[in-house]
Structure formats: C-alpha cells, structure tokens
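Good morning, colleagues. I should like to walk you through one chain today, taking its charged pairs, a few acidic residues and its helix packing in turn. Please keep the sequence and the structure in view as I speak.

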Amino acid sequence: MLRTMLALACLLGSPAFAAQAPEAAQRLAQEAVIVDTHIDAPGILTEKWADLGNEAKDREFDYSKARAGGLDVAFMSIYTSPKQDEDGSAWQVANAMIDGVEALVQRHPDKFAILTSPGDADRLAQGGRVLLPLGMENGAPLGDKLENVKFFFDRGVRYITLAHSANNRMADSSYALEKKWNGLSPLGREAVREMNRLGIMVDVSHLGDASAKEAIVLSRVPVIASHSAFRHFTPDFERNISDEIAKAVAAKGGVVQVPFGTAFIDPASAATTQARFRAVADFDRRNAALKAQGKPEESREAFDKAWEAAHPPGTSTLDQVLDQIDHGVKLMGVDHVGIGSDFDGVGGELASELKTVADYSHLVAGLQARGYEDADIRKILGGNLLRVWAEVEAGAK
C-alpha cells in the first residue's frame, strides 16, 4: 500500500504524466508488479553518464519516469557487441556496465536496489525503490572460460542471451546469414548446464532457430525470450520468435517477453532491418575482397550514412504491441507472455504511446479495452516472469 501511495503521488503530481490513461489503468499499473526484462540504460551510462536517480530528459528510463509508470523491476541490459567480442574487450565492457549500475545504486540507495533473487523483491522495494536485476545480452563476455558464468552470476547477472547479432562461441545468431553451429557449440551446451546449476535464466532471444531449439531442449528448467516479438507478423524475420519455438518455450514452462521496438513489431520495419543485415554482410564481403587485393576498403561510415538516408525510421503503434500480446496469449496461454520493452536500446523507435517507462498505463488501458481481466494483466506485466525466475532459482543445484 505504501508503494502504491508513493507511486500515485509521483504520477498525479506531475503534469506530464497526469492524464496518460484512464484512472483504472493508471491505478492497476501502480498496484501490479511490473517487470520489464530489457532496458538498455547501462550501455548509455558508460557512454554518457546521467544521474538516473533524477529526471534525465534524454533517457527513456530514470527513477521519476519509472515511478510514474509503475515499473518495479527493471532488468538492466549488459550488452556487448560482436565487435567487442572480436577485439577481446567484451569482458571489460560488461564489467564497466555493471560498475555503472552499482554506482547508480550507491548514489541513490533510497531509490534503487540491485535484485538478485525474486524472493527479495518485496523487502527491497520498501520505500518505493525500483529494483535492478542484471541481464547479459550476448554471451561474449564469457569468452572461452566456463568459469566466467559463475563470475558474472556473482556480479548479479540473472539471465544470459547466448548470442546477439553475430554467431559467437556458444550459439548462432538469428541475424547471421550463414550459421556456424546449427545448434549450440560444445561450450554453449556446457554454459546452459552451468546456468541451470547456478540459477541463471537461459535467454533464447536473438538466437538462430536451431540454437534456440537445442537450448530449450537441453535446459532442465524453463527458459525465457527476454525481448522477442512474434514471427507470425514478420514471416521472413528470424530475429522474431517462430510459433513453433514459442510453443516450445511455453511447454518448458517459460515466457516470451514482447518488445515495444518498431523494428520488431512493424512488418515493414522488420523487413528493413533484415535487409540491412544482408547489406552489411555484402559490404563486409566486398571489403574482405578489397583487403585481399591490397586495395582501399570502403568506408563503413559512408555506408551507414547512405543507408540511413535511403531508409528513414519507420513507425509503430500501441495496437501492434497489443496484437503481439494477443497472438502470444492465443498461441501459448496467458501464463507465458510478458514484456521486454527495449527502452533506451532502439534509438527512440518505439510504439506510439509507449515511449518511456512512464507509459505502461497505456499498455494496461489497451489490454483492458481488449477484454483482459486484471488478474491476467498482472501476469503479463510481471507475474509470469517472476514465476519463471523463481522456478529457475529453485532448480539450481
């Protein structure tokens, strides 16, 4: 009750947020436990520090917005790129991001706390804190060392997305045109077993289909897709989860977390994203050939500039997010759908009415308008993810 009163005071006291959604939706957003499994604040913190304990106008996540939107548990994405994997800097970059989250908590112990177990959520949330568990996006920081799974567990990481936008040591990426493993690598299989042993959730977002299928079968406990829209709407976009794999996630007891990013939920934007990865692959092949011939390579900066000029950002809507959730619920059941927004990770290209963490009440209002009962909305907002996390933790041994 105290948490609800504090959050409502923040919401109603701010003109920017006061009339965002009907009162019933605002109230449920404040009373429900909202868990968002993918917020990219840490990467921006290391590039350009902002004190997220105060209002940060250029960020989609900060404390005041989180309290206004009713966000309780915000998984901080510890993202490293394929380039950082290649040059050996991923381990250092990941640790620097974790240091940044810890510094934020140390600056504002009254506003934030790092969450490492769902069983601690109620205690740590007292006083209106926003809880910050860590999710590792791309297994690159693990390197070749299986013991690094335990190292990052000890640093607070509670899910690992095995690969990102390129094949790596453990798994194939959905974006890669040519797969390396056609499943998991030997190291990837060992990493899944070690994650199960420790209580780290296995995340199949971004994985190629064969890698995702093997990870689901191998895991002893439920798995998650931390931020995956449904391929039903984007048939040629492997980055989005297929109905077959989504049903396998559900059969294992897991959950698919729906993102708000335009590139995932809008078919035209998804097609553009896929085309860009193909164009980049062609660009890399041309440069490899030029390098082999001793000729000057093409400029990546010029390529990116030309691509952006020819492909302006797309748009997406709240209704498209709701359509994703509807599809997931019909396909898997309401116990297997959640939210993983990708706030601060898609350059502001987000569904209308879902532009920052202050906006979850719009999602609630949309779900209510489509006939969802409040109990089921609570599951989607966070109950399902907390259940899966608790099961993964209980399965650790």
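**Salt bridges, acidic residues and helix packing**

D326 is buried, with a relative accessible area of 16%. Before I go on, please note that this is a predicted model. The residue forms a salt bridge with R370, and the closest N and O atoms of the two lie 2.6 Å apart. This pair links distant parts of the chain: D326 belongs to helix α15, residues 318-332, while R370 sits in the loop between α16 (360-369) and α17 (374-394), 44 residues apart. In contrast to the buried aspartate, R370 is partly exposed, at a relative accessible area of 32%. The bridge also belongs to a wider arrangement, as D319, D323, D326 and R370 are linked in a network of salt bridges.

Let me stay with helix α17 for a moment. K379 in this helix is paired with D335 in the loop between α15 and β10 (337-339), and these two residues are again 44 residues apart. Their side chains meet in a salt bridge, with 2.8 Å from N to O. How accessible are the two partners? K379 counts as partly exposed at 29% relative accessibility, and D335 counts as partly exposed at 32%.

A further salt bridge joins the side chains of D85 and R169, at 2.5 Å from N to O. Here the pair brings together helix α5 (residues 82-87), which holds D85, and the loop between β6 (157-161) and α9 (186-198), which holds R169; the separation is 84 residues. D85 is buried, with a relative accessible area of 13%, whereas R169 is partly exposed at 30%. Across the model, the count comes to 30 salt bridges.

I turn now to acidic residues with other polar partners.

D62 lies in the loop between α3 (41-47) and α4 (63-69). Is this residue buried or exposed? With a relative accessible area of 0%, D62 counts as buried, because the cut-off for that class is under 20%. Its side chain reaches the backbone nitrogen of A56 at 2.8 Å. Leaving aside neighbours within four places in sequence, D62 is in contact with L52, N54, E55, A56 and V357.

E137 is found in strand β5, residues 134-137. This glutamate is buried as well, with a relative accessible area of 4%. With which side chain does E137 make a polar contact? The partner is the side chain of H227, at 3.0 Å. Beyond neighbours within four places in sequence, the residues in contact with E137 include H38, D40, Y79, H164, H206 and H227. The C-alpha atoms of E137 and H38 are separated by 9.0 Å, although the two residues are 99 residues apart along the chain.

D243, by comparison, is partly exposed, with a relative accessible area of 25%. Its place is in helix α11, residues 243-251. The side chains of D243 and H327 are joined by a polar contact of 2.9 Å. Not counting residues up to four places away in sequence, D243 touches H232, H327 and L331. Its C-alpha atom and that of L331 are separated by 7.4 Å, with their positions 88 residues apart along the chain.

My last topic is helix packing. Two packed helices are described by the angle between their axes and the distance between the axes.

Helix α2, residues 23-31, packs with α16 at an angle of about 120°, and their axes are 8 Å apart. Their crossing is right-handed. On the α2 side the contact is made by A24, A25, Q26, L28 and A29, and on the α16 side by S361, V364, A365 and Q368. By class, this contact has six nonpolar, three polar and no charged residues.

The other pair is helix α8, residues 147-154, and α9, which pack at an angle of about 35° with their axes 9 Å apart. α8 passes α9 in a right-handed crossing. Here V149, K150 and F153 of α8 meet E194, M195 and L198 of α9. By class, the contact has four nonpolar, no polar and two charged residues.

To close, let me return to the opening residue: D326 is buried, and D326 is linked with D319, D323 and R370 in a network of salt bridges. Thank you for your attention.

Note on methods: Residues numbered from 1 in each chain as written. Predicted model: local features only at pLDDT ≥ 70, side-chain atom pairs only at ≥ 80, totals over all residues. Heavy atoms only, no water. Salt bridge = Lys/Arg side-chain N within 4 Å of Asp/Glu carboxyl O. Helix = DSSP H or I, 4+ residues; strand = E, 2+ residues; numbered from the N terminus. Buried < 20%, exposed > 50% of the residue type's maximum accessible area, 1.4 Å probe, protein only. Polar contact = N/O pair within 3.5 Å; in protein donor to acceptor, adjacent residues only side chain to side chain. Contact = heavy atoms within 4.5 Å. Axes fitted to C-alpha atoms, helices over the stretch in contact; angles between N-to-C directions. Left-handed = near helix turned anticlockwise from the far one by under 90°. Nonpolar A, V, L, I, M, F, W, Y, C, P; charged D, E, K, R; others polar.
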